[in-house]
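These are my notebook entries on one model, written while I looked up its charged pairs, its sheet and its nonpolar cores.

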Amino acid sequence: KKPNKIIAIRHAAVKDLGSFQGVFKQEGLEVHYLEAQEDILFSPLTVEASLVVILGGPMCANEHDRYPFIKEEVRLINKRIEKDKPLL
């Protein structure tokens, strides 16, 4: 079954899916961006999405004190792994 909803989590406004964006669009897939520092990352939408892509950024994964959203993002990653859902 082909995925139909792709969630891309963006950590910096200048980051996007790059060349993947065109491929996903060509395949008729919906891409929705979430802003890591503004949006809710752990939700039924992100847990059940066909694919979640976590984009890069200037922070390190261990800087959760400085960037509180990292804890929520790690929770999402763990849940998707637990449910055997695709994650990039």
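Entry 1, a charged pair. I looked up Glu 63 and Arg 66 in this predicted model, and I found that their side chains meet in a salt bridge, with 3.7 Å from N to O. I then checked how open the two partners are: Glu 63 has a relative accessibility of 23% and counts as partly exposed, while Arg 66 has a relative accessible area of 60% and is exposed. The distance of 3.7 Å counts because the rule asks for a side-chain nitrogen of Lys or Arg within 4 Å of a carboxyl oxygen of Asp or Glu. How many salt bridges does this rule give? I noted that the count comes to five.

Entry 2, a pair inside a helix. I next looked up Lys 79 and Glu 82, whose side chains meet in a salt bridge at 3.2 Å, N to O. Both residues lie in helix α3, three residues apart, which is about one turn of the helix. Lys 79 is partly exposed at a relative accessible area of 28%, whereas Glu 82, at 59% relative accessibility, counts as exposed.

Entry 3, a pair between distant parts. I turned to Lys 85, which forms a salt bridge with Glu 48, and I wrote down that their closest N and O atoms are 3.2 Å apart. This pair links distant parts of the chain, since Lys 85 sits in the segment after α3 (69–82) and Glu 48 in helix α2 (residues 44–48), with their positions 37 residues apart. Are these two residues buried, exposed or partly exposed? Lys 85 is partly exposed, with a relative accessible area of 26%, and Glu 48 is also partly exposed, with 40%. I added that Glu 48, Lys 83 and Lys 85 are linked in a network of salt bridges.

Entry 4, the sheet. I followed the strands and found that three of them form an open sheet in the order β2-β1-β3, with parallel pairing. β2 (30–35) and β3 (51–54) stand at the edges with a single partner strand each, so one side of each is left without a neighbour in the sheet. The twist averages 20° from one strand to the next. Between β1 and β2 I noted six bridges in the parallel sense, and I saw that Ile 6 stands opposite Val 31 in β2. I also looked at how the helix is placed, and α3 lies across β1 and β3, running at about 140° to β3.

Entry 5, the nonpolar cores. Before looking, I reminded myself that in soluble globular proteins nonpolar side chains tend to be buried together. Which residues of the largest nonpolar core touch the most other members? Of its 14 residues, they are Ile 7, Ile 9, Leu 41, Val 52, Phe 69 and Leu 76. β1 (5–10) and α3 each supply at least two residues of this core, and the largest share, three residues, comes from α3. I noted as well a second, separate core of eight residues, which includes Ala 8, Leu 17, Phe 24 and Leu 55.

Entry 6, one core residue. I chose Val 52 and listed what it touches, not counting residues up to four places away in sequence. My list for Val 52 holds Ile 7, Ile 9, Thr 46, Leu 76, Arg 80, Pro 86, Leu 87 and Leu 88.

Technical notes
Residues are numbered from 1 along each chain as its sequence is written. This is a predicted model: local features need pLDDT of at least 70, side-chain atom pairs count only at pLDDT 80 or more; totals for chains, interfaces and linings use all residues. Side-chain values use heavy atoms; hydrogens and water are left out. Buried means under 20% relative accessible area, exposed over 50%, partly exposed in between (1.4 Å probe, protein chains only). A nonpolar core is a set of buried Ala, Val, Leu, Ile, Met, Phe, Trp, Tyr and Cys residues joined through side-chain atoms within 4.5 Å. Contact means heavy atoms within 4.5 Å. Two strands pair if DSSP finds at least two bridges between them. Axes are lines fitted to C-alpha atoms, for helices over the stretch in contact, and angles run from 0 to 180 degrees between N-to-C directions.
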